[in-house]
Amino acid sequence: MHPITLGFRDHKLEADYLAASFARDRAQGRTAIIVGTVVYLIYGLLDLRFVPEADHAMIWMIRLFALSVPLVVYLLSYTPIFKKHRHVLLASVGLAAGVGLITMLSMLTIQSAANFYPGLVLATFY
């Protein structure tokens, strides 16, 4: 194994592994995107209680912008691009969710932000 990329040093073995794991990666990726998107949207219910009314539009704009990445990746999972770049694309989904949540947290008071901490943990696993 290569110590930085964690890929096989033998390029043929790496190609065989990637080919064998493609169907599973695509199915699990699609499922994770759907489940994660639903959780991310449901988590928006906390906005009603903890986000000031004046900030609702901005918070939802951030939330929907963050959800645009999973939508694009989900659509790309039906194209040949996904086969070559699936790991980066799937990683970008989690990154977008985390950055979106951190951006939302930065707009809230400390008292309100504490209620969104579990969402940050969920985004990390997403």
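**Close-up 1. Arg24, Asp25 and Arg86 are linked in a network of salt bridges.** The model is predicted. Within this network, the side chains of aspartate 25 and arginine 86 meet in a salt bridge, with 2.8 Å from N to O. The pair links distant parts of the chain. Aspartate 25 sits in helix α1 and arginine 86 in helix α4, 61 residues apart. Aspartate 25 has a relative accessibility of 12%, so aspartate 25 counts as buried, the cut-off being under 20%. Arginine 86 has 3% and also counts as buried. Side chains of opposite charge can pair when their charged atoms come close.

**Close-up 2. Arginine 86 and its surroundings.** Arginine 86 is found in helix α4. Its relative accessible area is 3%, and arginine 86 is therefore buried. Which residues does arginine 86 touch, not counting those up to four places away in sequence? They are Leu18, Ser21, Phe22 and Asp25. Leu18, Ser21, Phe22 and Asp25 also appear on the α1 side of the contact between α1 and α4. Arg86 itself is listed on the α4 side of that contact.

**Close-up 3. Helix α1 packs with helix α4.** Helix α1 covers residues 11-42 and helix α4 residues 80-106. The angle is about 20 degrees, and the axes lie 10 Å apart. Angles under 35 degrees count as roughly parallel, so α1 is roughly parallel to α4. The crossing of α1 and α4 is left-handed. From α1, the contact takes in Leu18, Ser21, Phe22, Asp25, Arg26, Gly29, Ile33 and Tyr40. From α4, it takes in Phe82, Lys83, Arg86, His87, Leu90, Val93, Ala97, Gly100, Leu101 and Met104. The residues of the contact of α1 with α4 divide into 10 nonpolar, four polar and four charged.

**Close-up 4. Lysine 12 forms a salt bridge with aspartate 16.** The closest N and O atoms are 3.0 Å apart. Both residues belong to helix α1. Lysine 12 and aspartate 16 are four residues apart, which means about one helical turn separates them. Is lysine 12 buried or exposed? Lysine 12 is exposed, because its relative accessible area is 54%. Aspartate 16 is partly exposed, with a relative accessible area of 38%.

**Close-up 5. Arginine 63 and aspartate 47 meet through their side chains in a salt bridge.** The N to O distance is 2.9 Å. This pair, too, links distant parts of the chain. Arginine 63 lies in helix α3, residues 56-76. Aspartate 47 lies in helix α2, residues 45-50. The two are 16 residues apart. Both arginine 63 and aspartate 47 are buried. How many salt bridges does the structure hold? It holds four.

**Close-up 6. Threonine 31 in helix α1.** At 47% relative accessibility, threonine 31 counts as partly exposed. Tyrosine 74 is 43 residues away along the chain. The C-alpha atoms of threonine 31 and tyrosine 74 are separated by 9.4 Å.

Technical notes. Residues numbered from 1 in each chain as written. Predicted model: local features only at pLDDT ≥ 70, side-chain atom pairs only at ≥ 80, totals over all residues. Heavy atoms only, no water. Axes fitted to C-alpha atoms, helices over the stretch in contact; angles between N-to-C directions. Parallel < 35°, antiparallel > 145°, perpendicular 65-115°, else oblique. Left-handed = near helix turned anticlockwise from the far one by under 90°. Contact = heavy atoms within 4.5 Å. Nonpolar A, V, L, I, M, F, W, Y, C, P; charged D, E, K, R; others polar. Buried < 20%, exposed > 50% of the residue type's maximum accessible area, 1.4 Å probe, protein only.
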